[in-house]
Amino acid sequence: MANLNIIPSSTIPCTKEQAIADSLKAHPISLSLPQPFYTEQANFDVEMEQIFQKEWLFVGLSCEIPKKGNFMTQQIGNSSITIVRDQNGEVRAFHNVCRHRGSKLCLTEKGKTAKLVCSYHQWTYELDGNLLYAGTDMGDDFDKSKFGLHPVHCRNAGGYIYISLSDNPTNIDDYFEDLAHYLEPYDLENAKVAVEKTIVEEANWKLVIENNRECYHCSGSHPELLGSLLEWDDTEDPRASDEFKFLVASKQALWDAEGIPHKHVSHGYAKRNRIVRMPLKEGTLAMTVDGQLAVKKLMGRIKNPELGSMRILHLPNSWNHAQSDHIVAFQVKPLGPRKTEVTTKWVVHKDAVEGVDYDPERLTYVWDETNKQDRRLVENNQRGINSIAYQPGPYSATYEFGVINFIDWFSYTMQVNIATSTTRS
């Protein structure tokens, strides 16, 4: 056996995971990432394993599965997941894989069922995942209790559903508790998704998140959005004017009087989870083309239409804007090193009637346009990065601090998760 102590370090085999961790450790977070992180399948595969198979992911809203037996499925990389409302009204998640021979169990994106039944050989599961029926040919010694569906960690925080495919997911209970508190006024159990739209962007998932984490590009690209949205969401922002600070203070006094949470809270490394309520532009009530309400019926217990936008960020895959009359929820799914799916859901009070209380086109117009504009931006960004001329460029600490936070979180999380995987193996 060779003596490793006398082999030059340059000849010791290095895994792809370790090479990625070393590259990130050496790379300044003030610069965009090296090209392979935006283009290469090998890097993408490691990110899917170390981020999307380990971290908590936003997957939908509890109002999408309002009753016993309602389910929805999510594709995370190669893994299909079923999220279901069980017989006791609890939201649960399972790997969408029959324990017989591995067939996919639920074959539609959404549905309702009394039991979970595999169409291949009719193995039947209770909504809590327990195996109920496996036919009469498995033998007398067959123990059904050992073949329930494989569970997935699942949390319902104020109506927002998160899952983690990890056996030991990161503890973000503080975020879940704050999120439930901040979403309480909206009563999402009594809401509905009025409109859902999905687009595929020919760009790396990190470029999609980077684009969201700054408004440096907004004045040149998002005229519809800036009709109502203020570019910054923190009175500590170096660009924040005295006029903005006065507006925030005056609105916060009204929110306090009504028991509406609004203070800026953040959790996790590099503020990976953050919630803050900020006013919209003076004289506007919602993110619509004229700045007025999109839905006549306000959400939950809300009485005051001037709630601005409660902005919710969850890395790695979601951002949100909660207004008095509707919520806009975004979900990001990586499909490949240069392809990302972005789903937008417009959520309203369950009793709001289409054509009476809201017009779907008016409800969605601003973010439809913004999504199209962002898609062009990130796809052009990807095309430039594909070039042999690309080199990591500097972020602006003033305008792109949110991007720096994201890159910091991404780099740190990848290094920690890779190190943990190496230690366990």
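These questions and answers cover a pocket, a sheet and a helix in a predicted model.

In this predicted model local features need pLDDT of at least 70, side-chain atom pairs count only at pLDDT 80 or more, and totals for chains, interfaces and linings use all residues. Residues are numbered from 1 along each chain as its sequence is written, and side-chain values use heavy atoms, without hydrogens and water.

Student: Which helix or strand gives the most to the lining of the largest pocket?

Tutor: A pocket is an open set of points on a 1 Å grid over the protein atoms alone, where a 1.4 Å probe fits, with protein on both sides within 12 Å along at least five of seven lines; lining residues have an atom within 4 Å of a point. Helices (H or I, at least four residues) and strands (E, at least two) are DSSP runs, numbered from the N terminus. Elements supplying at least two lining residues include helix H5 (205–212) and helix H9 (401–424). With 4 residues, the most is given by H9.

Student: Which strands are at the edges of the open sheet?

Tutor: Two strands pair if DSSP finds at least two bridges between them. The open sheet has 7 strands in the order S11-S17-S16-S15-S14-S13-S12, with antiparallel pairing. Those pairing on one side only are strand S11 (191–201) and strand S12 (265–267).

Student: What angle does the direction of H5 make with that of S16?

Tutor: H5 packs on the sheet and touches S11, S15, S16 and S17, where contact means heavy atoms within 4.5 Å. Axes are lines fitted to C-alpha atoms, for helices over the stretch in contact, and angles run from 0 to 180 degrees between N-to-C directions. For H5 and S16 the angle is about 150 degrees.
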